[in-house]
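Trainee: I would like to learn how to read the side-chain features of a protein model. Could you take me through them one at a time, with the general idea before each case?

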Amino acid sequence: MIRKGMKLYSILFGACPKCHQESMYIEKNPYKLSDIFKMHERCSHCQTKYQMEPSFFYGSMYVSYGVGIAFAVAAFVISNVIFESSLVVAFIAIIFTIIGFVPVIMRLSRNIWINLFMGYDKEKAK
């Protein structure tokens, strides 16, 4: 079970990496594209600053490559192995999966990136 206090909770739900009490994002829906990158400057509960330095989240581009590859492999396995489709259909499934999940991949990569540098703090969660 995923619960507060686990890094996976912060990664999947976009919660503050220090206290897990509030969302880092102003708009929780990643498919509202005009607000996809808009984040709170600080956590209102523990005052953790999310952008530790200018251009901090540029590093998440490296993570997004790996997350995108994971989505592509999952699309290939589902289409080619499970449904036994041709390679052309599997390739098309990969393309549609990547395009369809770009906002989710971007948010996940940012969440993973910030959680590499910050950990849960029980004292700040109180």
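Mentor: Gladly, and please keep in mind from the start that this is a predicted model.

Trainee: Let us begin with aromatic rings: how many aromatic pairs does the count come to?

Mentor: The general idea is to look at how far apart two ring centres lie and at the angle between the ring planes, where planes over 60 degrees apart count as edge-to-face. By this rule, there are six aromatic pairs here. One of the cases to look at is Phe 56 with Phe 117, whose ring centres are 5.5 Å apart and whose planes stand at 70°, so this pair is edge-to-face.

Trainee: Where do Phe 56 and Phe 117 lie, and how far apart in sequence are the parts that the pair ties together?

Mentor: Phe 56 belongs to the loop between helix H1 (7-13) and helix H2 (60-82), whereas Phe 117 belongs to helix H4 (residues 102-117), so the contact ties together parts that are 61 residues apart in sequence. The rings of Trp 113 and Phe 117 make another pair, with centres 5.1 Å apart and planes at 70°, so this one is edge-to-face as well. Here the partners are both in helix H4, four residues apart, which separates Trp 113 and Phe 117 by about one helical turn.

Trainee: Is Phe 56 buried or exposed?

Mentor: For this you compare the relative accessible area with a cut-off, and under 20% means buried. Phe 56 has a relative accessibility of 7% and therefore counts as buried, and Trp 113, with a relative accessible area of 17%, is buried too. Phe 117, by contrast, is partly exposed, its relative accessible area being 47%.

Trainee: Which residues form one aromatic cluster?

Mentor: The cluster is made of Phe 56, Phe 57, Trp 113 and Phe 117. A ring can also have a charged group over its face, and Arg 110 does this for Phe 57, lying 4.6 Å from the ring centre. In a second case, the charged end of Arg 107 sits over the ring of Tyr 25, at 3.9 Å from its centre.

Trainee: Turning to charges that meet each other, how many salt bridges does the count come to?

Mentor: In a salt bridge you look for a side-chain nitrogen of Lys or Arg within 4 Å of a carboxyl oxygen of Asp or Glu, and by this rule the model has three salt bridges. Glu 27 and Lys 32 meet at 3.9 Å, N to O, Asp 35 and Lys 32 at 3.5 Å, and Asp 35 and Lys 38 at 3.1 Å. If you follow these contacts from residue to residue, you find Glu 27, Lys 32, Asp 35 and Lys 38 linked in a network of salt bridges.

Trainee: Is Asp 35 buried or exposed?

Mentor: Asp 35 is buried, with a relative accessible area of 14%. The residues around it in the network read otherwise, for Glu 27 is partly exposed at 23%, Lys 32 is partly exposed at 39%, and Lys 38 is partly exposed at 42%.

Trainee: What should I know about nonpolar side chains, and which residues have the most contacts inside the largest nonpolar core?

Mentor: In soluble globular proteins, nonpolar side chains tend to be buried together. In this model the largest nonpolar core has 20 residues, and Tyr 50 and Ile 114 are those with the most contacts inside it. Helices H2 and H4 each supply at least two residues of this core, and H4 gives the most, with four residues.

Trainee: Which residues form a nonpolar patch on the surface?

Mentor: The patch includes Tyr 65, Ile 69, Val 73, Phe 76 and Val 77, and its residues together have about 1,000 Å² of accessible area. The largest share of the patch, eight residues, comes from H2. Val 77 is found in helix H2 and is partly exposed, with a relative accessibility of 35%.

Note on methods: Residues numbered from 1 in each chain as written. Predicted model: local features only at pLDDT ≥ 70, side-chain atom pairs only at ≥ 80, totals over all residues. Heavy atoms only, no water. Phe/Tyr/Trp six-rings, centres within 6.5 Å; stacked < 30°, edge-to-face > 60°. Buried < 20%, exposed > 50% of the residue type's maximum accessible area, 1.4 Å probe, protein only. Lys NZ or Arg CZ within 6 Å of the ring centre and 35° of its normal. Patch = residues over 30% accessible without salt bridge, like charges linked within 9 Å, V, L, I, M, F, W, Y side chains within 5 Å. Areas by Shrake-Rupley, 256 points an atom, 1.4 Å probe, with all protein chains shown as cover. Core = buried A, V, L, I, M, F, W, Y, C linked by side-chain atoms within 4.5 Å.
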